[in-house]
Amino acid sequence: MENKMTAQVSQGKVASDGLVGMIFLLASEGMFFAGLISAYIVNRAGAMEWPPANQPRLPIEVTAVNTFILLLSGFFIVRFRMNNRNSQTEAIKSKGLIKLSLLLGLIFLIVQGSEWVRLLHFGLTTRSSLYGAFFYTIIGAHGLHVFAGLLTLLYLSNKLKKQVGFNMKSIIDSCSIYWLFVVVIWPVLYYLVYLS
Amino acid sequence: MENGQHQQSFIQKYIFSTDHKVIGMQYAINGLLMAIAGGFLAYVFRYNLAFPGKDIPLFGQLSPMQYNTFITNHGMIMVFWVGMPLLLSSLGNFLIPTMVGTDDMAFPTLNMLSFWIFFVSSIVLLLAFFVPGGAYGGGWTMYPPLSANAYMNPNPDFFQALFSGASLMLLAVALEFVAMLMGGINFVVTTINKRAKGMTAFRIPLIVWFIDIASVIFMFAVGPLVAGAFMLLLDITVGTGFFDAARGGDPILWQHLFWFFGHPEVYVLLLPSLGVLGEILPVFSRKPLFAYKSIIYMALFSAVLSVVVWAHHQFVSGIDPRMATFFSIGTIIISIPFAGIFLAFMATLWGGSIKFTTPMLFALGFIGLFLVGGLTGLFLGSNAFDIYAHDSYFVVAHFHYTLFPDIFFGFFAAFYYWFPKFVGKDLDKTLGKIHFWLTTIFFNLTFFLLFFNGLAGEHRRINNYSFFGNVNKEPYTTFEKICTVGAILLILSQFVFVINLIKTLRSGKKAAKNPWNATTLEWVTDSPPKHGNFDTFPVVYRGPYEYSVPGCNEDYLPQNQEN
Ligand SMILES: [Cu+2]
């Protein structure tokens, strides 16, 4: 279905369905993180001491490197999108970039996880202080988004194994924009939670 | 799926269907079933209020704890599991593809998923009644510390806490929001990308505009609440203490996150119903919709404003007086565009040749009742009066005068109007009118006197007023009884609707393509529209409200008519 008729007889698309839909989803996601961040800022402003004296420091340096890894992953997705503006064949040819991006995203997630294990070991838990609670909630929420983003990249690279037809552009647009969102929001969270 | 001719199994066709019309039907049925649940809860606690301590027919004794549980879930169900699915999801699914002239939603599979997630959310909500400790009873706004400590254990066991009433309610709400988000994305993308040729922005029928604006408001406002719900769930299950003042948390923070969504939610529920009026009033007064473009601009203006007035719900929680003034002014300003929209509707009726069909009656009833709700809302918007009336029955009566007409009159108007199109049979006119009159009379009987009880200082959320001298006297105790009788009759009069429905489905006359002589695209296709909606995609040449155009043979020009 998704008839040939629609193509001829509709008002025409503003952008691919996937892109338009993803923009609205990400607006909602952005507001979700805005909610978490404002809760964090409000609570932090009201706290006596931040971070609390008896709590371990966050691993700033390791995470800086990790931030770089994630940004690199985002860079490859941008490259991928620039390569295939017009043709599906191009997209299929440059699907190596997606795999690269996927790999870097996976490394990011693994490093984050191992840092969590260390922090838990040092006594930073969700119940040890609000500091810990916010850390695990905000960074955890982002981690879940990274995980979901990796799944979409996996889905995309699987789709690109063959010519798929009409909704290819929709899939490429939505998956890559979603990953870009996950990448771009990270430095903001890193700055707010680790640095400031 | 060419021409929708191929064979589909029953399950494909009616259960796991991706057809927007079937999904719209599923949402309507699920919403109406939940309305029965919500109505039953209302019956039980209304009966208890009039006759405290007496055995309640069909139920038995109601404990104070159960009373709290029932009012909490009544609110939750009516707003999120009746209002949202009936007005937004059901109408959006039926109307958007057919009115913009396309075959289905932009993402049909996502649309199907949206319904099934909604279905699961209803089950999760009702399941909470059967877990140890029962459903959550701390008010539908779920304010901490009540909600955060609902599972009263400083060292919560994760799974035990997860299956407590408070957690299940939060999970149900979260699932419901995911479903609505998926639906909203579909509505907006379908409208933006799949319109018929010639359907320019200002030829889109008002209801499509309004459902889309409502969806966008929802998507924008829901994020912070989901963040808050996530944090609250962690407080309950893991013991994080975000909202626990003793551990440095901030209980007021929840109120901000909740009402940042909660106030816009009012418009999410209101706009689709106003859209219904926008379609029905012109058809039955045979006049173009007055100031169509201005109405859309006013709605957009109020959408923007809706996210900066939330703290008027917190005048009593205590906020900086300077901020209180800001929020008071914002609240009063936001009523201006809505007053404008209602005036435009009045102007549409003015001098028209009005036909009092069942949908028109419900539409006019909506306007009349909503006026009472809107005016009393203006009182509450000023923080001086609000501090007096806060949490009293005045507030209860006020929001029932807005939400009941909005949800039920809006939905019934739409139901009687579009039923012939989407089911293909004509409803009984007499039964429809009886349904309207009984509903209107008994609605007023139920809620009007509560304004006086509220002004006398009757506080809501109390299951037995025997110990409150200021209201445990005449006439207020009699008023309570009258309200309860009204509520029971209001519920019983809905059987007229059920009878009409059964009768029509069994032996109703086949509906014509365009029984109301309306102009919009859904009336161009068959009743009911087949899979794929249109034989050939329509082309649009004109706006949606060309009634009584001078110099025409007919008194209306369909959108797809070339000249
Ligand atoms: Cu409000």
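Okay, quick bit of vocabulary before we start: when I say nonpolar, I'm counting Ala, Val, Leu, Ile, Met, Phe, Trp, Tyr, Cys and Pro, while Asp, Glu, Lys and Arg go down as charged and the others, Gly among them, as polar. And keep in mind that what's on screen is a predicted model.

So, let's start with empty space. Searching the whole structure turns up one cavity of 30 Å³ or more, and its volume is about 80 Å³. What lines it? Eleven nonpolar residues, with no polar and no charged ones. Among them are B:Met76, B:Trp140, B:Leu170, B:Val173, B:Phe177 and B:Trp254. As for elements, helix 3 (64–100), helix 6 (165–193), helix 7 (206–237) and helix 8 (251–285) of chain B each give two or more residues to that lining. Helix 6 of chain B gives the most, with three residues.

Now over to where the two chains meet. Chain B puts 49 residues into the contact and chain A puts in 34. Between them, about 3400 Å² is buried, and carbon and sulfur atoms give 66% of that. On the chain B side, B:Asn193, B:Phe242 and B:Phe537 lose the most area to chain A, together 18% of what that side buries.

How many salt bridges cross this interface? Zero, by the rule used here. Polar contacts do turn up, though: six residue pairs, both partners at pLDDT 80 or more. Helices 6, 7 and 8 of chain B each give two or more residues to the side touching chain A, and helix 7 gives the most, with eleven. By class, that side of chain B splits into 30 nonpolar, twelve polar and seven charged residues.

Technical notes:
Residues numbered from 1 in each chain as written. Chains lettered and ligands numbered in written order. Predicted model: local features only at pLDDT ≥ 70, side-chain atom pairs only at ≥ 80, totals over all residues. Heavy atoms only, no water. 1 Å grid on protein atoms, 1.4 Å probe; cavity = no way out; pocket = protein on both sides within 12 Å on 5 of 7 lines; lining within 4 Å. Points joined across faces, edges and corners; volume = space filled by probe spheres on them. Helix = DSSP H or I, 4+ residues; strand = E, 2+ residues; numbered from the N terminus. Contact = heavy atoms within 4.5 Å. Buried area = accessible area lost by both parts, 1.4 Å probe. Salt bridge = Lys/Arg side-chain N within 4 Å of Asp/Glu carboxyl O. Polar contact = N/O pair within 3.5 Å; in protein donor to acceptor, adjacent residues only side chain to side chain.
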